[in-house]
Amino acid sequence: MHSDPDVLVVGAGPAGRALAAAVAERGLRTVLVDPAPHAPWRATYGSWAAELPATLPPSVIAARATGRAIALSEHELGWEYAVLDVPALRAHLDGELARHGVRIRRDRAAGWASGAVRLAGGNELRAAVVVDAGGHRQPLRAGPGRRRPAAEQTAAGVVVDEAVAAPLVAPDEALFMDWRPDHGEDGWPTFLYAVPLGGGAVLLEETSLARRPGLPLPVLRRRLQARLARHGIAVPGGAATESVRFPVDSPRHRTPGVLAFGAAAPLVHPASGFSVATSLRLAPAVADAIAAHLPAGSTGALAAARSAVWPPGSGAVHRFRRIGLEALLRMPPAEVPAFFETFFALPARHRWCYLAERADVPGTAATMRSLYARAGWRMRARLIAPAVLPPTRGWWPARPRHYQR
């Protein structure tokens, strides 16, 4: 019979595993709960190399590449892009869990009530500090549900040899965005994301950055096939594929008595969809906050941990980015590449601030001013509208006969 742990982490993805290992390393009794803790991770995780914690072993990086983007013209991003070796990351985190004695329980969290985590089978779990790291589903979130459909990022990809991908991306580079309409379809705009996976493999992925609701996966698969065919790329039979769907506008998790971490917080960047590097980087600081304050009581530990997840300025920057997301959702499809042309033409410090600095309010404001100054009057109106109008509830094509499902 186990006594209540110091820390209970719900969700065994990268964020949950990283935080559970970090708090256990600081001597706290830790339990990690997940309905399928040993299931493989099938997503591709990438980030700007400078965002990754220095403590990650080199084996966790599958590939590094220079980044570029294509809007109306081509832009060198100037930063190194890193693609993680997902099995190696999993093995590293599992090794840390075992080394620091984290107890793993296979169970499904069904909710939070009366200071306890309710499990699907009817039992309850308690701890001094409870963490919801259950991803965008936020299994411990209390309160009303969504009042509108989620704005989702969706993508459909295929893995090919770097020689096959050469007409679109060189072996030593990452194509962060290619907004050219090479798929030949009208309607909601999509771009190609092309990154090396290591070992001579490349992921080619047709991506809808954000749409409410998400662009259907069959549309993305069709567009990817058309785009690749236009560039003379024939995908070999049996090639590995990837499908992506997740919200980029999850509500802030403010449930009393629960610390939200990872995508559940949400730490997902509303513009890029990135969150894993941020979670890995924050885990030690959050663990330090819990360990330092828990001897004085769980309330102080929870408050300190929340401050580590959301340091001063980060909430304001997150709201800025959500306004930018709404601007994109309202933008007519034909204007989206022009918007990114303006964004990628900004000075590197502004682009980096918007994409990577999550608590720099002055820098984010300077980026917005710079973007506004370079935009035409029509785009300026698009950028201002989300600050004064309610969020969109969905998107429908202005000319249905041109939009193919």
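**A helix pair and a buried threonine**

Helices α5 and α6 cross in a right-handed sense. The model in which they are seen is a predicted one. Helix α5 covers residues 276–293 and helix α6 covers residues 298–309; their axes come within 8 Å and cross at roughly 160°. Angles over 145 degrees count as roughly antiparallel, and α5 and α6 are therefore roughly antiparallel to each other.

On the α5 side, the contact is made by Leu282, Ala285, Val286, Ala289, Ile290 and His293. Helix α6 contributes Gly300, Ala301, Ala304, Ala305, Ala308 and Val309. Sorted by class, the residues of this contact are 10 nonpolar and two polar, with no charged residue.

A second site to look at is Thr190. This residue lies in the loop that runs between strands β12 (173–178) and β13 (191–198). Its relative accessibility is 2%, and because buried means under 20%, Thr190 counts as buried.

The side chain of Thr190 makes two polar contacts with other side chains: one with Glu206 at 2.7 Å, and one with Arg223 at 3.1 Å. Both partners also appear among the residues that Thr190 touches when those up to four places away in sequence are not counted. The others in that set are Asp178, Trp179, His183, Thr207, Ser208, Leu215, Leu220 and Arg227. Of these, Asp178 falls at the end of β12, the strand that precedes the loop.

Methods:
Residues numbered from 1 in each chain as written. Predicted model: local features only at pLDDT ≥ 70, side-chain atom pairs only at ≥ 80, totals over all residues. Heavy atoms only, no water. Helix = DSSP H or I, 4+ residues; strand = E, 2+ residues; numbered from the N terminus. Buried < 20%, exposed > 50% of the residue type's maximum accessible area, 1.4 Å probe, protein only. Polar contact = N/O pair within 3.5 Å; in protein donor to acceptor, adjacent residues only side chain to side chain. Contact = heavy atoms within 4.5 Å. Axes fitted to C-alpha atoms, helices over the stretch in contact; angles between N-to-C directions. Parallel < 35°, antiparallel > 145°, perpendicular 65-115°, else oblique. Left-handed = near helix turned anticlockwise from the far one by under 90°. Nonpolar A, V, L, I, M, F, W, Y, C, P; charged D, E, K, R; others polar.
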